[in-house]
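Q: I'd like a close look at one helix in this protein and at what surrounds it. Could you walk me through it in plain words?

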Amino acid sequence: MRLLITGGAGFIGSNFVQYILEKYPDYEVVNLDALTYAGNPDNLKEVMGNPRHRLVQGRIEDGGLVDRLMPGIDMVINFAAESHVDRSILEPQVFIKTNVMGTQVLLDAALRHKVRLFYQISTDEVYGALRLDSRERFTEESQLRPNSPYSASKASADLLVMAYHHTYGLPVVISRCSNNYGPRQHPEKFIPTVILNALKDRPVPIYGDGLYVRDWIHVLDHCRAIDCIMHRGKPGEVYNVGADNEMANIDLAKTILRILGKPESLLTSVKDRPGHDRRYAIDATKIGRKLGWSPAIPFDTGLPEAIRTYLPHQP
Ligand SMILES: NC(=O)c1ccc[n+]([C@@H]2O[C@H](COP(=O)([O-])OP(=O)(O)OC[C@H]3O[C@@H](n4cnc5c(N)ncnc54)[C@H](O)[C@@H]3O)[C@@H](O)[C@H]2O)c1
């Protein structure tokens, strides 16, 4: 099996590239990544010498390049994206270019080259926000109600992916995962920010009242879910992925400070993000029932292990 993985030098993509090459000794990976500020070749040091892995620096919107990479590809797995909500508020056009137009270029090429599967890595953020005082969770049937330019661009890409399935018969799947944590996440994201500031005894910024609830999953559980969906998922279907692990940002930050032995006095409330989604929560019943996947890494062991990878003495 020959995979075109895009965005494979980022946080989730690099974990997935390593996972797939280790698990399937006969799989080959072409890794197309623009190496933006978020992509880091160091994330790939475990696979760099592997003859079954080839890193190509380039953009998914580059139709000529994508077309040259496509012959012989069995599956496209599209992780490439601008992924930071705060940046999307400042610079929405970059998000439309990569997340929407880039996905469309990949879809066209996948169709032309008759790939066996086009797999779009999406996010629970496309569903919008839930109320703090409800027990509601997002299912695959929940309406798409994205609130930020980031989530709107991801929702647009999802709609295009489904349109290519219905209109042209392209075999596609989409998975929508909750917030990932684990090694190699960019320092701008919440958990690395808390860890890295706390380690330097600097103020740990908390948006507004800190009562923003996110549903956390270890990145390797996400990788296992993708493995399951790419091999056994039904074309035309959407699968939610989550580990049933909701937590308010303020409580998560306090947990990290406790693990690091740092005082809660480092927590500092900062001006809130405009349009900040209150709560996300994923109902992952479908992937469990249909594909037999369930998360394997409990948060209380996964989080301290992940934190260790951010300590300065780590290779
Ligand atoms: N991090 C999360 O918690 C989370 C949760 C659910 C879904 N997702 C989705 O998973 C995917 C990966 O997220 P991540 O957190 O690893 O993101 P990331 O920002 O760490 O990595 C994105 C990667 O894409 C590359 N890239 C950006 N623009 C590109 C372009 N135009 N062409 C080619 N490569 C480009 C970057 O260089 C980087 O390596 C995204 O599609 C995101 O929407 C992320």
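A: Here is a walk along helix α5, followed by a look at the ligand and the core. Keep in mind that this is a predicted model. Helix α5 covers residues 149–168, which makes 20 residues. From its first C-alpha to its last it reaches 28 Å, close to the 28 Å expected at 1.5 Å a residue.

Now, which residues of α5 are buried? At the start of the helix you'll find P149, Y150, S151, A152, S153, K154, A155, S156, A157 and D158 buried, and further along V161 and Y164 join them. The cover over these buried residues includes α3 (85–90), α4, β5 and β6 (172–177). Just after α5 comes G169, with a positive phi of about 75°.

Two of those covering elements, α4 (92–112) and β5 (117–123), turn up again around the ligand, where each supplies at least two residues of the shell. The largest share of that shell, three residues, comes from α1. Of the 31 residues around the ligand, G7, G10, A38, G39 and A81 come nearest. By class, the shell has 13 nonpolar, 13 polar and five charged residues.

What about the core? In soluble globular proteins, nonpolar side chains tend to be buried together. The largest nonpolar core here has 79 residues, and V76 and F118 touch the most other members. Helix α7 (residues 219–232) gives the most to this core, with six residues. Leaving out residues up to four places away in sequence, V76 touches L4, L106, A110, V115, F118 and Y119.

Terms used
Residues are numbered from 1 along each chain as its sequence is written. This is a predicted model: local features need pLDDT of at least 70, side-chain atom pairs count only at pLDDT 80 or more; totals for chains, interfaces and linings use all residues. A nonpolar core is a set of buried Ala, Val, Leu, Ile, Met, Phe, Trp, Tyr and Cys residues joined through C-beta atoms within 7 Å. A residue is buried if 20 or more other C-beta atoms lie within 10 Å of its own, exposed if 12 or fewer, and partly exposed in between; C-beta atoms are placed from the backbone. Helices (H or I, at least four residues) and strands (E, at least two) are DSSP runs, numbered from the N terminus. Two residues are in contact if their C-beta atoms, placed from the backbone, lie within 7 Å. A residue is near a molecule or strand if its C-beta atom, placed from the backbone, lies within 6 Å of it. Ala, Val, Leu, Ile, Met, Phe, Trp, Tyr, Cys and Pro count as nonpolar, Asp, Glu, Lys and Arg as charged, and the others, Gly among them, as polar. The expected span of a helix is 1.5 Å times one less than its number of residues.
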